[in-house]
Amino acid sequence: MKKRILFALAISGLCLSASAQKVQFTEFDLDNGLHVILHQDKTAPVVAVSVMYHVGSKDEETQRTGFAHFFEHLLFEGSDNIKKGEFMKLVSSNGGQNNANTSQDRTFYYEVFPSNQLELGLWLESERMLHPVINEVGVKTQNEVVKEEKRLRIDNSPYGKFTEKIFSHLFDGHPYRWQPIGSMEHLDAAKLSEFIAFFKKYYVPNNAVLTIAGDVDIEKTKALVKSYFAEVPKGAPIVRKDFKLPEITKEIIDTAYDANIQIPAIFAAYRVPGMKSRESKVLGMISSILSEGGSSRLSTKMVDQKKTALQVAAFNYSLEDYGAYITLALPNKNTPLNDLLKDIDEEVLRLQTDLISESDYKKLQNKFENNYVSANSKMLGVAENLADGYTFHDKDTNDINKELEVIRSITREEIRDVAKKYLNKNQRVVLYYLPKK
């Protein structure tokens, strides 16, 4: 038994090492502009079928926010050939799972099936793209669903509005200033014709990437893709607005009140480069040094040693045009919020001044290699990462295979210099997040 376990571990290690080396893929375009990416992996009889549309909340009009997220829901309503409420039943009754999510930059739909149901996944996504049902009944139904989601996830959720408050300052003048869920008033005011126009503009093959990853035959899958998607008409070319924001040169301080909390929090956020930038990856590494895991600098200092914080975090919220680098802390034993901010600032200053040690640097590299392997260990992860490369990295699907190389090439000096360049007091938004009495 022990030998068998060791053998299984060795095999899984080999798989991880192989996937860390290179993700193989085939890609091509249909005449209607749909970009198709295929990845074959026969280790398990599973297939992920996904479509990424390059549309998110940043593509919305200022008086019609929430449309992209609304469509995430609306496009499950059915199609000319799928009755209302049947979409998810078809997936689950055939052993599959499905979902969708929307960000500021894209909308991602997926199904994961036993590989003998590949054709069902392709049919479902082609139905969604070709002729979904968009009518008053569906709009009204999903409007209530979205309102309930907003109540649950934002209005009645502890600390649920911190991004909304921070982004309104950090991205003033850019569509990132509103959240993907948008305004319920805007959705209520929208006419059916506006929803149909939004669909026709953005949910078209020339604004989408179809990615299929798993136990597939490449040539047969190519033929199936053509048979299901070739008839979808091409949309008009999409012209995107280019937003350039002036630099923040003076600290912005604000306060928010939340009836859902008893413990206050303090946030400091910095506008940083978008996900295409090498510096975005450096900022991800800085987050790991500061707050990933129990031995990270902020946790060790504030949670374990000084016991001034219940929780502390630093993370890079990476988006297409810009990113938001956010630090936060919740006090323990009524520690003043400014004391917490001072402790965070001291650790940031330490990063800006001193190089991290060689041993910490090696640990960091190993951690990011493991993260990379883990992100590509499931077919859905591979599908999404391949689509991300094409969508956000200048149509470079192979970005998935360059990521590790970039991580390995980031130096200790770069970590110090990027911290020095972007994480300064005069470039940030400080938010005091307090209980509403």
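Select Y203 in this predicted model and show the residues around it. Leaving out residues up to four places away in sequence, Y203 touches Y53, V55, A68, F71, L75, T107, Y109, M129 and F198. Y203 itself sits in a loop, the one that runs between α8 (192-202) and β6 (208-214). Is Y203 buried or exposed? Y203 counts as buried because its relative accessible area is 1%, and the cut-off for buried is under 20%.

Keep Y203 selected and add M129. The two are 74 residues apart in sequence, yet their C-alpha atoms are 6.6 Å apart in space.

**The nonpolar cores**

Now add L210 to the selection. Y203 and L210 are the residues that touch the most other members of the largest nonpolar core, a set of 50 residues. Another core lies apart from that one and has 36 residues. To find this other core, select L298, A314, A329 and V348, which are among its members. In soluble globular proteins, nonpolar side chains tend to be buried together.

**The two domains**

Colour residues 27-230 and 252-435 separately. These ranges are domain 1 and domain 2 in the domain assignment of the protein chain. Measuring between the centres of the two domains, taken over C-alpha atoms, should give 28 Å. How many residues of each domain are in contact with the other? On the domain 1 side there are 38, and they are in contact with 40 residues of domain 2.

**The largest pocket**

Next, select M275, S280, K281, S318 and E403. Of the 29 residues that line the largest pocket, these five are the closest to its centre. The volume of this pocket is about 960 Å³. With the domain colours still on, look at both sides: domain 1 (27-230) and domain 2 (252-435) each contribute at least three residues to the lining.

Which elements supply at least two lining residues each? Select them one by one:

- α10, residues 278-291
- β9, residues 309-318
- α13, residues 358-375
- α14, residues 379-392
- α15, residues 399-409

Of the elements, α14 gives the most to the lining, with 5 residues. Colouring the lining by class shows 12 polar, 9 nonpolar and 8 charged residues.

**A buried lysine**

Go to helix α5, residues 136-155, and select K150 in it. K150 is a charged residue, but it is buried, with a relative accessible area of 16%. Beyond its neighbours within four places in sequence, K150 is in contact with D155, I181, G182 and M184. Add Q179 to the view: Q179 and K150 are 29 residues apart in sequence, and their C-alpha atoms are 11 Å apart in space.

**Along helix α16**

Move to helix α16, residues 412-422, and select A419 there. A419 is buried, and its relative accessible area is 0%. Setting aside neighbours within four places in sequence, the contacts of A419 are I286, L351 and Q352. S318, one of the five residues closest to the pocket centre, makes a useful reference point. From A419 to S318 there are 101 residues in sequence, and 16 Å in space, C-alpha to C-alpha.

R416 is found in helix α16 too. Show what R416 touches, without residues up to four places away in sequence, and you get L351, Q352, T353 and L355. L351 and Q352 are also in contact with A419. For a long distance across the model, pair R416 with I261: they are 155 residues apart in sequence, and 36 Å separate their C-alpha atoms.

**Two loop residues with positive phi**

Where is K333? K333 is in the loop between β10 (322-331) and α12 (337-353). Its phi is near 50°, a positive value in a residue other than glycine. K333 counts as exposed because its relative accessible area is 69%, where the cut-off for exposed is over 50%.

Finish at D394, in the loop between α14 and α15. D394 is not a glycine, and its phi is positive as well, near 55°. D394 is exposed, with a relative accessible area of 60%. The helices on either side of this loop, α14 and α15, both supply residues to the lining of the largest pocket.

How values were computed:
Residues are numbered from 1 along each chain as its sequence is written. This is a predicted model: local features need pLDDT of at least 70, side-chain atom pairs count only at pLDDT 80 or more; totals for chains, interfaces and linings use all residues. Side-chain values use heavy atoms; hydrogens and water are left out. On a 1 Å grid over the protein atoms alone, a cavity is a set of points where a 1.4 Å probe fits but cannot get out, and a pocket is an open set with protein on both sides within 12 Å along at least five of seven lines; lining residues have an atom within 4 Å of a point. Grid points are joined across faces, edges and corners, and a volume is the space filled by probe spheres set on the points. Helices (H or I, at least four residues) and strands (E, at least two) are DSSP runs, numbered from the N terminus. Domain bounds come from an automatic or database domain assignment. A nonpolar core is a set of buried Ala, Val, Leu, Ile, Met, Phe, Trp, Tyr and Cys residues joined through side-chain atoms within 4.5 Å. Buried means under 20% relative accessible area, exposed over 50%, partly exposed in between (1.4 Å probe, protein chains only). Contact means heavy atoms within 4.5 Å.
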